[in-house]
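Q: I've got a new model open and I'd like to learn how to read it piece by piece. Can we walk through it together?

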Amino acid sequence: MNRTVKTATALIAATAMSIGALAACGSSSNSSGDDKGKVYYLNFKPEAADQWKDLAQAYTDETGVQVTVETAASGTYEQQLKSEMAKSEAPTLFQVNGPVGYANWKEYTADLKDTEIYKQLQNPDVALKDGDKVVGVPYVMETYGLIYNKDILNKYFGLSGAKAKSVEDINSFDKLKAVADDMQARKDELGIKGAFTSAGFDSSSDWRFKTHLANLPLYYEFKDDNVTEQPATIKGTYLPQYKNIFDLYITDSTTDPGQLSSKTGDDANSEFALGEAAFYQNGTWAWTDLQKAGMSADQVGMMPIYIGAPGEENQGLATGSENYWCVNSKASEADQKATEEFLKWVITSDTGKKALSTEMGFTTPFKTFDDVKTDNPLVADAVADQKSGKTQVSWNFTMMPSEQWKNDLGSALLEYAQGTGSWDKVKSAFVDGWAKEYKAAHAE
């Protein structure tokens, strides 16, 4: 998910009016003036900005086709995409986060059913479709949960009176809380500052809680109610469980709750890499930064996020995608063709495969990567989890009605953490905010 949501963050829902206004702009006349065409990719993942630029240059050197890559700052992708699409030289390649994001850009998405990126999918069902039209192809499948420091946990398991003796013992919220509370009480003995890294609420970190953590109560509610499409309203059935895990994050922490507004994703990464905390909510994409910070593969593992839901002992990690490539249908035919050929090269060439799998650390859904082995220990845990027989948590945050909904939820969570707001405000942002933002996004 981009650390922004890595990830994390999903796209801002725009109104039909704003998108309609864009359609009148000059992007439909985008033309390269070159029979070869050219490629302009607006990249969603800041953590992979340098790797994409290098990959673009490699392709240009090999083929002579111009490839430009620009990267949106964390949390600004939709805003920048709207701005860039209004220009005469608009992106030929962009991304949406799923059905909600697609609804904003459906007039700009070419049919990808005859492209190599679609034909090479291990499972064609993971593509984003609109009827018979293939409108988006995921280029990365990601998994998140609680990353844990094996050295710290093993040290804890060896203590007299430890609440668990192995990672396998931690298979419910009650067990996780017992362990985390005990670790927090014995932090000096363990040489840590807290059981969990800081739950920072600046834009590089808050997506972990207002989006990825919020997925858990949505997952269980939608599972109970057999929800498969974005609902106009939600009930908030599992908000008490959401409160359970969030309370644990902010009490058994390296950081005083009053400091969370200024804590960043880099802070959490550093705390974990330095051995100051045992648990760090993040995903497979985090390995690159942890490795850069000096951690070795045998030091880390990943377990599910437990919140106290019924049957969660059979719950696996959260696996899905919010990263779908789309080709701009309003670009010239030459540029569309050049973009499709560039993507084919990215997923079939040794250079492209190495960049995606090794340098960017992505787990891809393409058959062409069957011979690629990863050294990412978090991906290894994700694969093992998928083979374990446990039920993976689906990514339902792609149905969140807008970025504003997430921002309002994040603000309410921060106020609650700092003691300046009540949990009732979180409930209101979660439930009432959903209905409000859904209505705004679907206004005629």
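A: Sure, let's start with helix packing. Keep in mind that this is a predicted model. The idea is to take the buried residues of a helix and ask what they touch. Here, the buried residues of helix 15 (residues 350-359) pack against helix 2 (49-63) and helix 14 (333-348).

Q: Which are the buried residues of helix 15?

A: To pick them out, look for a relative accessible area under 20%. In helix 15 that gives Gly352, Lys353, Ala355, Leu356 and Ser357. While you're there, check the backbone just past the helix: Gly361 has a positive phi, about 75°.

Q: Now strands. Is strand 8 buried or exposed?

A: Count its buried residues against its length. For strand 8 (277-283), 7 of the 7 residues are buried, so the strand is largely enclosed by the rest of the structure.

Q: Which strands does strand 8 pair with, and in what sense?

A: Look at the bridges and the direction of each partner. Strand 6 (residues 142-149) runs antiparallel to strand 8, with 5 bridges joining them. In that pairing, Ile147 sits opposite Tyr280. Strand 7 (residues 194-196) pairs with strand 8 in the parallel sense, over 2 bridges. There, Gly194 is opposite Ala277.

Q: What do side chains do along a regular strand?

A: They alternate between the two faces of the sheet.

Q: What lines the largest cavity?

A: For a cavity, ask about volume, then lining, then chemistry. The largest cavity has a volume of about 50 Å³. Its lining consists of Phe196, Thr197, Ser198, Ala199, Arg208, Phe209, Tyr249, Phe279, Tyr280 and Gln281. By class, that's 6 nonpolar, 3 polar and 1 charged residues.

Q: Which elements supply at least two residues of that lining?

A: Helix 9 (207-213) and strand 8 each do. Strand 8 gives the largest share, 3 residues. You've already met one of the lining residues, Tyr280, as the partner opposite Ile147.

Q: One last residue: how would you describe Lys82?

A: Place the residue in its element, then check its accessibility. Lys82 lies in helix 3 (residues 77-85). Its relative accessible area is 27%, so Lys82 counts as partly exposed, the class between under 20% and over 50%. You can also compare sequence separation with distance in space: Lys82 and Asn104 are 22 residues apart along the chain, and their C-alpha atoms are separated by 10.0 Å.

Terms used: Residues numbered from 1 in each chain as written. Predicted model: local features only at pLDDT ≥ 70, side-chain atom pairs only at ≥ 80, totals over all residues. Heavy atoms only, no water. 1 Å grid on protein atoms, 1.4 Å probe; cavity = no way out; pocket = protein on both sides within 12 Å on 5 of 7 lines; lining within 4 Å. Points joined across faces, edges and corners; volume = space filled by probe spheres on them. Helix = DSSP H or I, 4+ residues; strand = E, 2+ residues; numbered from the N terminus. Nonpolar A, V, L, I, M, F, W, Y, C, P; charged D, E, K, R; others polar. Buried < 20%, exposed > 50% of the residue type's maximum accessible area, 1.4 Å probe, protein only. Pairing = 2+ DSSP bridges. Contact = heavy atoms within 4.5 Å.
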